Amino acid sequence: MSEFDAIVVGAGPAGASAASRMASSGLNVLLVERGDPPGSKNVSGGILWGQELSKLYPDWEKSAPLERFISNKVTGFLTDDSYIGIDFRTKKFEKEKTGYSVLRTKLDGWLAKKAKDAGSTVITGITVDGLAWNDKRVVGIKQGNDIITSDLVVLAEGANPRIAIGEGLRPPIGDHDVAIGIKQVVKLSEQVINERFNLRNGAGMAAEFSLGFLKNGVKAGGFLYTNKDTISAGVVIDIAGLRKDNSTYSFNIMDQFVSHPYIAPYLEGGQLQEYSAHLVCEGGIDYVPKLYGNGYMITGDSAGLSFSNGMVIQGMNYAIASGIAAADTAIRCKNSGSYDLDQIAYYDNLMKDSQAIKDMKNFRGISKVTWSPMVHEFIPKFAESVLNGMFYETGEPKKHLMEIALGSLKETGYDRKKLIIEGFRLMRKM
Amino acid sequence: MNIEEKLSVLNYKTDPTYAHITVKPDLCEVCPDHFCTFACPASCYKLIDGKLNFKYEDCVECGTCFVACSHGSVNWTNPKGGQGIKYKLG
Amino acid sequence: MVLEIVVMVKQVPDSQEVVIDPVTMNLNRSMTRNVTNRADENALEAALQIKDKVPANITIVSMGPPQAETTMIECLARGADRAVLVSDRAFGGADTYPTGLTVASAISKLDHFDIIIAGEESSDSSTGHVGPGVAEFLGIDQITYCSKIEFSDGRVTAERELEDGTEVVQCPTPVLVTMLLGSNFPRMQTLRRKIDATKKGIEVWNLEKLGLQPEWVGVRGSPTIVRRMQSIKERERAKKPVTLEAIPDMVKELYEKNILKVK
């Protein structure tokens with residue numbers, strides 16, 4: 001007889017959602033989090049899209065600690081001298097609020113509270129050391145000299161899953177599976193943020209840039225998200241490119257981004273509140289391990305469930321979706337009285353039909369495009385050159401766009417054949 | 001602001017009794033690249049007079065070094081409960 | 001015979017995050033997260049080290065708002081046996097005098113105690129009054145600012161750090177001891193204990209249970225009031241590079257500004 005129906009390791013969006021859903025169906029659930037309080041080890045590098053959360057808490061928008069709803073999206077390129085961006089605002093975003101900027105200590109605290117209110121035993125400030133096994137089946141968790149037993153263990157450890165790797169439930173992490181995320185949160189008044197970004201009534205902006213100013217094949221994306229009275233500015237760095245170069249410091253890329261001539265003014269006068277770093281899952285569907293086994297399920301970032309196509313980034317939403325699916329599987333097991341492998345396999349079925357896995361399959365190999373030299377070197381340079389040709393007044397007779405484009409193409413010195421191949425790939429994958 | 005100044009705004013509960021990350025000095029001594037020094041966002045890995053110097057106290061527990069070291073020198077565990085980095089915003 | 005040890009703890013705002021509310025001039029506790037006062041963790045560890053050697057019961061006593069429960073659970077998860085939180089609106093705003101009285105009366109409501117251990121002071125008010133105050137209210141001996149304590153044959157042997165050495169003091173029980181911050185390494189909580197503590201919960205005692213009068217406690221029972229509190233603004237540093245060549249000029253400047261005087 002196990003002490004708990006289920007033990008959840010990690011109280012992030014995946015774990016706390018799983019615990020809450022199981023507990024509200026009457027399961028005896030233990031949720032263990034090493035951070036004290038929950039969220040204090042976590043870093044939000046994106047926007048919380050609420051489709052999944054609304055399945056758990058229909059009134060989440062009223063009670064969750066949200067910073068600003070996203071009313072405009074910016075996608076752009078930064079070169080040494082230029083800022084090229086598309087700034088998209090539409091009434092639709094304001095009417096149908098779907099995405100919010102969040103800070104994780106607040107959000108995760110709220111999620112953990114919800115799990116506790118639903119009846120889970122929530123323990124914070126304790127690091128789980130490993131899993132307890134019996135006859136090739138996970139039967140609980142180990143901490144110090146103790147073993148706590150359960151019929152199921154849900155692993156929701158985040159992007160650096162020590163237990164899943166340590167217990168051989170998933171392969172170690174490679175250069176293409178993750179990227180280095182670094183973030184700075186800068187304090188400014190709500191009013192100053194509204195003025196600088198042309199926002200009002202709780203509206204916010206989410207901006208993502210390709211950092212075309214980086215040299216020697218080093219590739220990184222930059223982001224700016226507005227919170228209530230802070231701005232999150234960060235970079236996501238490709239490890240393979242950084243390794244090949246082996247002379248650029250990751251933290252200097254962060255510095256270069258925030259001191260870029262067209263980014264720095266947004267942050268000017270702001271006081272640095274926090275500097276943080278976290279791995280970002282980038283491996284796509286090929287990085288997703290087997291999601292379940294005898295006595296366990298893997299959820300959220302631990303399972304590599306995260307997605308970016310350069311325009312939309314999904315992480316927390318997928319995590320919540322997988323947490324719900326794991327919970328529904330556990331509830332089904334409990335009701336049927338069987339925790340056999342074929343019962344746990346239900347989790348895999350649920351996930352196969354989920355938006356997360358569908359998106360990731362649909363965009364298989366997208367990271368090859370989002371991290372391509374085309375996106376990080378060619379497009380920024382080419383766009384800068386074309387726009388200079390179009391808008392820079394030289395006093396000479398105007399040229400036609402085609403002429404400018406061909407000239408710019410030459411200027412970038414990019415191989416045409418490669419360009420056609422990569423361009424085709426870009427259109428196809430995105 | 002340099003990296004040391006940025007790290008100084010952070011709140012840590014340092015565990016003096018347990019280094020959650022350890023490196024193998026014999027491997028680091030002959031390492032041809034020392035990529036960890038470039039990858040680590042908290043500058044915990046530094047080359048001082050050609051020798052690798054590692055301090056776990058500034059670690060923000062991102063896991064980058066575990067991926068970055070391709071020579072198997074980095075042993076990475078989570079700090080014990082409640083110890084280590086304590087983000088107040090996240 | 002089982003030794004009865006009482007450990008006094010306090011939940012405090014995390015000292016690394018403390019700010020002062022510019023309007024009320026009080027510590028703004030809503031902005032900061034609460035933690036167990038570090039020196040109290042050392043007090044608990046000292047108690048646990050005694051318990052490692054002799055049969056003992058450790059009772060945690062704290063005064064504070066209901067959310068101090070998290071600190072009490074933490075103490076149980078480290079190895080304490082029982083937790084009593086003294087909590088009542090009437091206790092709010094207390095200075096160190098009624099706090100000592102309130103905690104002392106809670107301790108006197110316990111069946112028996114041999115040793116009381118407290119941290120040297122709390123990180124949020126840094127008075128160091130409450131421990132000694134409790135000893136006075138209870139009329140027992142006290143040994144303050146200890147770096148190490150041991151118990152054998154009904155006596156506590158304590159080492160006190162002095163400016164020019166170490167003083168070893170021996171005292172029969174009952175006695176109150178205050179432990180220096182950082183005098184030991186507090187052991188970790190265990191998951192097993194924390195689960196048990198979370199399920200069991202803590203005891204909460206109110207004013208009525210202690211049998212105290214409202215005018216003896218809280219802000220009404222406090223002889224002191226805080227007139228003013230202010231944040232000190234850090235002055236912008238000149239950021240002059242310190243090089244060997246620059247030192248003579250720096251000395252000269254300090255002399256000219258009358259900061260440095262030559263005899």
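How many other C-beta atoms lie within 10 Å of Val103(C), and is this residue buried or exposed? The count is 28, and Val103(C) is buried. The model is predicted, with local features needing pLDDT of at least 70 and side-chain atom pairs pLDDT 80 or more, while totals for chains, interfaces and linings use all residues. Residues are numbered from 1 along each chain as its sequence is written, and chains are lettered from A and ligands numbered from 1 in the order of writing.

**Figure 1. Surroundings of Val103(C) in helix α3(C).** Val103(C) belongs to α3 of chain C, which spans residues 96-109. Helices are DSSP runs of H or I with at least four residues, strands are runs of E with at least two, and both are numbered from the N terminus. A residue counts as buried with 20 or more other C-beta atoms within 10 Å of its own, as exposed with 12 or fewer, and as partly exposed in between, the C-beta atoms being placed from the backbone. Apart from neighbours within four places in sequence, Val103(C) has contacts with Met8(C), Val61(C), Met63(C), Val86(C), Val130(C) and Val134(C). A contact requires C-beta atoms, placed from the backbone, to lie within 7 Å. Leu138(C) is 35 residues from Val103(C) in sequence, and their C-alpha atoms are 10.0 Å apart.

**Figure 2. Packing of α3(C) and α4(C).** Helix α4 of chain C covers residues 130-138; its axis and that of α3(C) come within 8 Å and cross at roughly 55 degrees. The two helices are therefore oblique. Axes are lines fitted to C-alpha atoms, for helices over the stretch in contact, and angles between N-to-C directions run from 0 to 180 degrees. Angles under 35 degrees count as roughly parallel, over 145 as roughly antiparallel, 65 to 115 as roughly perpendicular, and the rest as oblique. The crossing of α3(C) and α4(C) is right-handed; this term applies if the near helix is turned clockwise from the far one by less than a right angle, and left-handed if anticlockwise. On the α3(C) side, the residues that meet α4(C) include Thr96(C), Gly100(C), Val103(C), Ala104(C) and Ile107(C). Among those on the α4(C) side are Val130(C), Val134(C) and Leu138(C).

**Figure 3. Packing of α16(A) and α17(A).** In chain A, helix α16 (residues 373-391) packs against helix α17 (residues 401-412) with their axes 9 Å apart, at an angle of about 140 degrees. This angle makes α16(A) oblique to α17(A). Their crossing is right-handed. From α16(A), Phe378(A), Phe382(A), Val386(A) and Met390(A) are among the residues in the interface with α17(A). Residues of α17(A) that meet α16(A) include Ile404(A), Ala405(A), Ser408(A) and Leu409(A).

**Figure 4. Burial in helices α1(C) and α7(C).** Helix α1 of chain C (residues 38-53) has 16 residues and reaches 24 Å from its first C-alpha to its last, close to the expected 22 Å. The expected span is 1.5 Å times one less than the number of residues. Buried residues of α1(C) include Ala39(C), Ala43(C), Leu44(C), Leu48(C) and Ile50(C). Helix α7 of chain C (residues 247-256) is hardly covered, with zero buried among its 10 residues. Asn258(C) follows α7(C) and has a positive phi, near 70 degrees.

**Figure 5. Backbone geometry in loops.** Most residues other than glycine have a negative phi, and most peptide bonds are trans. In chain A, the bond between Asp36(A) and Pro37(A) is cis, with omega about 5 degrees; Pro37(A) sits in the loop between β2 (29-33) and β3 (47-49). In chain C, Thr173(C) and Pro174(C) are joined by a cis bond with omega about 0 degrees, and Pro174(C) lies in the loop between β9 (165-172) and β10 (175-179). Lys136(A), not a glycine, has a positive phi of about 60 degrees. The loop between β8 (130-134) and β9 (137-143) of chain A holds Lys136(A), which is exposed, with 8 other C-beta atoms within 10 Å. Glu61(B) also has a positive phi of about 60 degrees. Glu61(B) occupies the loop between β4 (51-54) and α4 (64-68) of chain B and is buried, with 23 other C-beta atoms within 10 Å.

**Figure 6. Fold of chain B.** Four helices and six strands make up the secondary structure of chain B, in the order α-β-β-α-α-β-β-α-β-β. The radius of gyration is 13 Å, close to the 12 Å that the globule rule gives for 90 residues, so chain B is as compact as a globular protein of that length. The radius is taken over C-alpha atoms, and the rule is 2.2 Å times the number of residues to the power 0.38. Of the 90 residues, 47% count as buried.

Terms used
Contact = placed C-beta atoms within 7 Å.
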